[in-house]
Amino acid sequence: MTPRRTTRLTLALALGSTLGVAACGGGTLGSSSEEATGPVKIGLLVPQSGVYKSLGDDMKAGFEVYLKEKGNKLGGKEVQVVTADEGETADTGKAAADKLVKQDKATVVTGVVSSATMNGIVDLFETSQIPLVGSNASPTTLTGKKFVWRTSYVNDEPGKALGAYVAKHETGPVYLLAADYQAGKDETGGFKESFAPAGGKVADEVYTPFPATKNFQPFLANLQKSGAKSVFTFYAGGAAVDFVKQYDQFGLAGKVQHYSAGFLTEGGVLTAQGTSAVGTRTAMNYSADLDNPVNQKFVAAYQSATGKLPTTYAMASYDAARVIDMAIQKAGKTDSKSINAAIGELGDIESPRGTWSFNDNGTPKQMWYLREVKELDGKLANVVVEELGELG
């Protein structure tokens, strides 16, 4: 069954102007208004090298699982997927996007891990009038765009999803600790946005130098001295592994309840963290154990293809493929502007995460879940505890 939406967060979200999806003149790049005569060319822009490669691998696999289900057709049309390596910097990401649009003449592009890349390529897609169905990066500043959609979330939403819950269930002030870059500030800002109105008090708000911080002991000592009974953090990648292990080694695991955005324990980092992560609670829009038919089918197909459980990165790319599939079917045409217009008219989208739809800013209206790291049958997993409410 589709997860029941039993609770909802009432949050004031600042949405940009409504996305206009009607055609508004010919594009200056590519062939956005021309019907494709051969297979529909789909650009897949994901890291295939560098520090984000594991995320790129998940996203590529999720997209390919959906495509295989559809017999290499989307909207009943044959497709050709052209993959470009986003790399790990805004410059490499922009170069890859330029190639997909200007050289490969992609009709639609999907993917994008890094917010820096996303910020650097938005104008390319708006100017060329080619839809970008992003499946990860979604900075809070990205609003009011006509050709940029995201099947993931806005960066501050995991924090927003947790704030009110922590205020209700934890006693005493909460310590905030995050990496000192935009994503860390987005997450703590989102947390405070729902935490403070629910009556929560902050013990302290500390940002650790990024990426320089490897030794978290001084910061953990300050957390311990604060007397806080719970902490909200934001770390990802290698920093997440270092932090979770040192949190346990310092004796805080099991004593100071650890809450975080779901990236802290998502995918391969959880394996590297080992049992140090047990008991950590996170907010995310997806978990592989969600009990609905779409997710059960997806998990089985993804495990068969990769030997791993799917992550939120894989799920969002699976959904990006579904969005493109539905839009081509609805449009009845294969030019970029017709597909883009159809995306804005899709309505409800059935997904492994539960049913969702695009809001006026091109991001999902979706349920968020509280997860806890548990050891099941000798393996670590993010297990859904309850629904946190809908955001978007």
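These notes go through the strands, salt bridges and one loop residue of a predicted model.

1. The open sheet. Six strands make up an open sheet, and their order across it is S2-S3-S1-S4-S5-S6. The pairing in this sheet is mixed. Strand S2, residues 73-74, and strand S6, residues 148-150, are at the edges; each has a single partner strand, so one side of each has no neighbour in the sheet.

2. The S2 edge. S2 and strand S3, which spans residues 77-85, run antiparallel and are joined by two bridges. Leucine 74 has lysine 77 in S3 as its bridge partner. As background, strands of a sheet pair through backbone hydrogen bonds, and they may do so parallel or antiparallel.

3. A helix on the sheet. Helix H2, residues 90-103, packs on the sheet. The strands that H2 touches are S1 (40-46), S3 and S4 (108-111). The direction of H2 makes about 175 degrees with that of S1.

4. Salt bridges overall. How many salt bridges does a search of the whole structure find? The search gives 15. In general, side chains of opposite charge can pair when their charged atoms come close. Three of these pairs are taken up in the points below, each involving a lysine and an aspartate.

5. Lysine 53 and aspartate 57. This salt bridge has its closest N and O atoms 2.9 Å apart. Lysine 53 and aspartate 57 are both in helix H1, residues 53-69, and because they are four residues apart, about one helical turn separates them. Lysine 53 is partly exposed, at 35% relative accessibility. Aspartate 57 is also partly exposed, with a relative accessible area of 29%.

6. Lysine 102 and aspartate 98. In this salt bridge the closest N and O atoms are 4.0 Å apart. The two residues belong to helix H2, where they sit four residues apart, about one turn of the helix. Is each partner buried, exposed or partly exposed? Lysine 102, at 42% relative accessibility, counts as partly exposed. Aspartate 98 has a relative accessible area of 18%; buried means under 20%, so aspartate 98 is classed as buried.

7. Lysine 160 and aspartate 156. The closest N and O atoms of this salt bridge lie 3.3 Å apart. Lysine 160 is buried, at 6% relative accessibility, and aspartate 156 is buried as well, at 10%. Elsewhere, Lys94, Asp98 and Lys102 are joined into one network by salt bridges that share partners.

8. A parallel pair and its crossover. Strand S7 (residues 174-179) and strand S8 (residues 202-208) run parallel, with six bridges between them. Leucine 176 stands opposite glutamate 205 in S8. Between S7 and S8 the chain passes through helix H5, residues 182-195, and this β-α-β crossover is right-handed.

9. Threonine 265. Where does threonine 265 lie? Its place is the loop between strand S10 (257-261) and helix H8 (268-273). Threonine 265 is buried, and its relative accessible area is 0%. Leaving aside residues up to four places away in sequence, threonine 265 touches Leu270, Gln273, Thr280, Thr282, Arg371, Val373 and Asn382. Threonine 265 and lysine 102 are 163 residues apart in sequence, and their C-alpha atoms are 38 Å apart in space.

Key:
Residues are numbered from 1 along each chain as its sequence is written. This is a predicted model: local features need pLDDT of at least 70, side-chain atom pairs count only at pLDDT 80 or more; totals for chains, interfaces and linings use all residues. Side-chain values use heavy atoms; hydrogens and water are left out. Two strands pair if DSSP finds at least two bridges between them. Contact means heavy atoms within 4.5 Å. Axes are lines fitted to C-alpha atoms, for helices over the stretch in contact, and angles run from 0 to 180 degrees between N-to-C directions. A salt bridge is a side-chain nitrogen of Lys or Arg within 4 Å of a carboxyl oxygen of Asp or Glu. Buried means under 20% relative accessible area, exposed over 50%, partly exposed in between (1.4 Å probe, protein chains only). A crossover is right-handed if, with the strands pointing away from the viewer, the path from the first strand over the helix to the second runs clockwise.
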